[in-house]
Amino acid sequence: MASEQGKSARILDSFDRAILRIVQADNKLPQRRIAEAVNLSAAAVQRRIAAMEAAGVIARNVAIVDPDAVPLTITSIVEVQLVDERTPTVERARQLFLATPEVQQCYYVTGGVSFMLVIVTSDMRAYSVLTRRLFAENDFIASYRSLIALDRVKTETSVVIP
């Protein structure tokens, strides 16, 4: 049985779930330490992690960069309304947002707007230039509304593993 991305389906057992909880918090933790925490051998942990990567359960291994350290000081949540919801229009917007590095997150949503974006930029000047390029210069964008974050209260990347 294969998933939409061509990866094989994997049923997660309690060991897999425990491993996922650990690697979401610290993916550089040595596998022998993970093995001790979940009561398996290091080899078993290694096999399970490899299987979850192959199945697409573990999608990527990344470093999370503090935006203030680089510095990317403007975080904006943007509501985007398209001129219509026809497939070609939605796909044009999707491709534009996917190709824009400053768009950190993009969601196609219901409820009165078409997309919700999380955008990070170095300053307001850069944000202004970006919004003109993304929104004002594209005829398939009907409107947009920016909400500038005053504080990053919580920016987790982990998901709850039941």
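Mentor: Let us begin with helix α4, where Thr87, Pro88 and Leu98 are exposed on the side opposite the buried one. The model is predicted, so local features need pLDDT of at least 70 and side-chain atom pairs count only at pLDDT 80 or more, while totals for chains, interfaces and linings use all residues. Residues are numbered from 1 along each chain as its sequence is written, and side-chain values use heavy atoms, with hydrogens and water left out.

Trainee: What makes a residue such as Asn39 count as exposed?

Mentor: A residue is exposed over 50% relative accessible area, buried under 20% and partly exposed in between, with a 1.4 Å probe and protein chains only. Asn39 has a relative accessible area of 66%, so Asn39 is exposed. Asn39 lies in the loop between α2 and α3, and although Asn39 is not a glycine, its phi is positive at about 60°.

Trainee: Why is Val153 called exposed?

Mentor: The relative accessibility of Val153 is 74%, and therefore Val153 counts as exposed. Val153 belongs to the segment after β4, and the C-alpha atoms of Val153 and Ile74 are separated by 14 Å, with these positions 79 residues apart along the chain.

Trainee: Is Ser114 buried or exposed, and how do you know?

Mentor: Ser114 has a relative accessible area of 0%, so Ser114 is buried. The place of Ser114 is the loop between β2 (103–108) and β3 (115–121); helices (H or I, at least four residues) and strands (E, at least two) are DSSP runs numbered from the N terminus. With its neighbours within four places in sequence set aside, Ser114 is in contact, meaning heavy atoms within 4.5 Å, with Val80, Gln81, Leu82, Glu85, Tyr107, Tyr108 and Val109.

Trainee: How do you know that the reach of α4 is close to what is expected?

Mentor: The expected span is 1.5 Å times one less than the number of residues. Helix α4 (residues 87–98) has 12 residues and reaches 16 Å from its first C-alpha to its last, close to the 16 Å expected.

Trainee: What puts the buried residues of α4 on the same side?

Mentor: Thr89, Val90, Ala93, Leu96 and Phe97 are the residues to consider, since they are buried in α4. They cover an arc of only 125° around the axis, which puts them on the same side of α4, where the arc is that of the directions from the helix axis to the C-beta atoms. An α-helix has 3.6 residues a turn, so residues three or four places apart point the same way. Among the elements covering the buried residues of α4 are β1 (74–82), β2, β3, α5 (124–136) and β4 (141–148).

Trainee: How do you know that the buried residues of α5 line one face?

Mentor: In α5 the residues Tyr127, Leu130, Thr131, Leu134 and Phe135 are buried. Seen down the axis, these fall within an arc of 105°, so they line one face of α5. Arg125 and Ala136 are exposed on the face turned away from that buried side, and the cover of the buried residues includes β1, α4, β2, β3 and β4.

Trainee: What can be said of the buried residues of α3?

Mentor: In α3 the buried residues are Ala44, Val45, Arg48, Ile49, Met52 and Ala55. Their arc around the axis is only 130°, which puts them on the same side of α3. Their cover includes α1 (14–25) and α2 (31–38), and just after α3 comes Gly56, with a positive phi of about 85°.

Trainee: Why is α1 called oblique to α2?

Mentor: Axes are lines fitted to C-alpha atoms, for helices over the stretch in contact, and angles run from 0 to 180 degrees between N-to-C directions. Helices α1 and α2 pack at about 130°, with axes 10 Å apart. That makes α1 oblique to α2, because under 35 degrees counts as roughly parallel, over 145 as roughly antiparallel, 65 to 115 as roughly perpendicular and the rest as oblique. In this pair, Phe15, Ala18, Ile19, Ile22 and Val23 of α1 meet Ile34, Ala37 and Val38 of α2.

Trainee: What is the relation of α2 to α3?

Mentor: The axes of α2 and α3 come within 8 Å and cross at roughly 100°. That makes α2 roughly perpendicular to α3. Here Gln31, Arg32, Ile34, Ala35 and Val38 of α2 meet Ala42, Val45, Gln46 and Ile49 of α3.
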